[in-house]
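The exercises below are meant to be worked through with the sequence and the 3D view side by side. Please try each task before reading its solution.

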Amino acid sequence: PAFTDYQAESATISQGLVESNHAGYTGTGFVNYDNVTGSYVQFTVSVTAAGNYPLTLRYANGTTIDRPMDITVNGSPAAPGLSFPGTGAWPTWAEKTVTASLTAGANTIRAAATTVNGGPNLDRLRVTAPSDSQPPTA
Ligand code: GCU
């Protein structure tokens, strides 16, 4: 498949709750991060080939204040302080994509809040297959 979805409500959650009171989520709900620094959702993503994979987080932030998160892959920073700005309302979902290097086999992808407001509401992680970066041969 061109992509695989990992639902936040099925991931490992530290300091957060699975909820479903704001419409528009996929799967069976979303994670409401506790409003504390360091709350996180962690996904285990297995890929057959190492490469640079677009990682797309679907989220909502019904406030007007950014809810940045550190995105780490296997414990190393992939996107420190990635911005998750307001989406206008809690049932309004948006996506943020970063590209990160994954190794063949299992990878741990964590999205951890960096402010006392906690993270945004997180619906899912979509991992997209790397595009072919080789130029065509003549
Ligand atoms: C509201 C909202 C939650 C959200 C929370 C927050 O309570 O209903 O879905 O997670 O605000 O500010 O984090």
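**Exercise 1.** Which residues are around the ligand?

*Solution.* Bear in mind from the start that this is a predicted model. Begin at the ligand and collect the residues that have a heavy atom within 4 Å of it; this search gives His22, Asn32, Asn35, Arg67, Trp90 and Asn121. Next, look at polar side-chain atoms and the ligand's oxygen atoms: for asparagine 35 such a pair lies 3.0 Å apart, for arginine 67 the distance is 2.8 Å, and for asparagine 121 it is 2.7 Å.

**Exercise 2.** Find the order of the strands in the open sheet of five strands.

*Solution.* Following the antiparallel pairing from strand to strand, one reads the order E2-E5-E10-E7-E8. The two ends of this order are the edge strands, E2 (12-14) and E8 (76-82), each of which pairs on one side only. Neighbouring strands of the sheet are turned against each other by 15° on average, with direction ignored. As a closer look at one pairing, take E7 (residues 69-73) and E10 (residues 105-113), which are joined in the antiparallel sense over five bridges; valine 73 has isoleucine 109 in E10 as its bridge partner.

**Exercise 3.** Which members of the largest nonpolar core touch the most other members?

*Solution.* Among the 28 residues of this core, the answer is Phe43, Val45, Leu55, Ile71 and Leu125. Strands that each supply at least two core residues include E4 (30-33), E6 (51-60) and E11 (121-128). Now follow leucine 55 outward, leaving aside residues up to four places away in sequence: its contacts include Val73, Ile109 and Leu125.

Notes:
Residues are numbered from 1 along each chain as its sequence is written. This is a predicted model: local features need pLDDT of at least 70, side-chain atom pairs count only at pLDDT 80 or more; totals for chains, interfaces and linings use all residues. Side-chain values use heavy atoms; hydrogens and water are left out. Two strands pair if DSSP finds at least two bridges between them. Helices (H or I, at least four residues) and strands (E, at least two) are DSSP runs, numbered from the N terminus. Axes are lines fitted to C-alpha atoms, for helices over the stretch in contact, and angles run from 0 to 180 degrees between N-to-C directions. A nonpolar core is a set of buried Ala, Val, Leu, Ile, Met, Phe, Trp, Tyr and Cys residues joined through side-chain atoms within 4.5 Å. Buried means under 20% relative accessible area, exposed over 50%, partly exposed in between (1.4 Å probe, protein chains only). Contact means heavy atoms within 4.5 Å. A polar contact is a pair of N or O atoms within 3.5 Å; within protein, one must be able to donate a hydrogen and the other to accept it, and residues adjacent in sequence count only if both atoms are side-chain atoms.
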